[in-house]
Amino acid sequence: MRLEQICLHHFRNIESAHLCFSPGVNLLYGANAQGKTNILEALYVCATSRSHKGSKDREMIRMGSDEAHIKLNVKKNGLPYRIDMHLKKSKSK
């Protein structure tokens, strides 16, 4: 399976982000507290439907927002797939 892109809205400290990944090695870099680990956590949430931190859904939603959205596009055996994850403060996934 190959990760193609991820779109995040109101996830942790990320208001909005759209990242495209190349087929090779991809590198995330930046200053502290810029959201690098949050991107990795969003990938983990899509793969397992839970956080590696043991966080509740409402803890992964950006402060001041009622919901977060993770959209992931992947390819497996040449076929495209999309995973949409909606996290809401008042409902389960």
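**Salt bridges and cysteines in a predicted model**

Q: What is the relative accessibility of lysine 75?
A: Lysine 75 counts as partly exposed in this predicted model. That class lies between under 20%, which is buried, and over 50%, which is exposed. The value for lysine 75 falls in this range, at 33%.

Q: Which residue does lysine 75 meet in a salt bridge at 3.9 Å, N to O?
A: A salt bridge needs a side-chain nitrogen of Lys or Arg within 4 Å of a carboxyl oxygen of Asp or Glu. The side chain of lysine 75 meets this at 3.9 Å, N to O. Its partner counts as partly exposed, at 22% relative accessibility. The partner is glutamate 4.

Q: How many residues apart in sequence are the parts that lysine 75 and glutamate 4 tie together?
A: Lysine 75 belongs to strand S3, residues 67-76. Glutamate 4 belongs to strand S1, residues 2-11, so the salt bridge joins parts of the chain separated in sequence by 71 residues.

Q: Which residues are linked with Lys75 in a network of salt bridges?
A: Lys75 pairs with glutamate 4 in a salt bridge. That residue is also part of a network, and the residues linked there with Lys75 are Arg2 and Glu4.

Q: Which residue forms a salt bridge with glutamate 41?
A: The closest N and O atoms of this pair are 2.9 Å apart. Glutamate 41 sits in helix H1 (residues 36-48), and its partner lies 29 residues away, in the loop between S1 and strand S2 (14-20). Glutamate 41 is buried at 0% relative accessibility, and the partner is buried at 18%. The partner is arginine 12.

Q: What is the N to O distance in the salt bridge of aspartate 84 and arginine 82?
A: Aspartate 84 is partly exposed, at 34%, whereas arginine 82 is exposed, at 54%. Their side chains meet in a salt bridge with an N to O distance of 3.1 Å.

Q: How many salt bridges does the count come to?
A: The pair of aspartate 84 and arginine 82 is a salt bridge, and so is that of glutamate 41 and arginine 12. The count comes to 5.

Q: How many disulfides does a search of the whole structure find?
A: A disulfide requires two cysteine sulfur atoms within 2.5 Å. The sulfur of cysteine 20 is too far for a bond, because the closest cysteine sulfur, in cysteine 7, is 7.5 Å away. Cysteine 46 is in no disulfide either, its nearest cysteine sulfur, that of cysteine 7, being 11 Å away. The number of disulfides found in the whole structure is 0.

Terms used
Residues numbered from 1 in each chain as written. Predicted model: local features only at pLDDT ≥ 70, side-chain atom pairs only at ≥ 80, totals over all residues. Heavy atoms only, no water. Helix = DSSP H or I, 4+ residues; strand = E, 2+ residues; numbered from the N terminus. Buried < 20%, exposed > 50% of the residue type's maximum accessible area, 1.4 Å probe, protein only.
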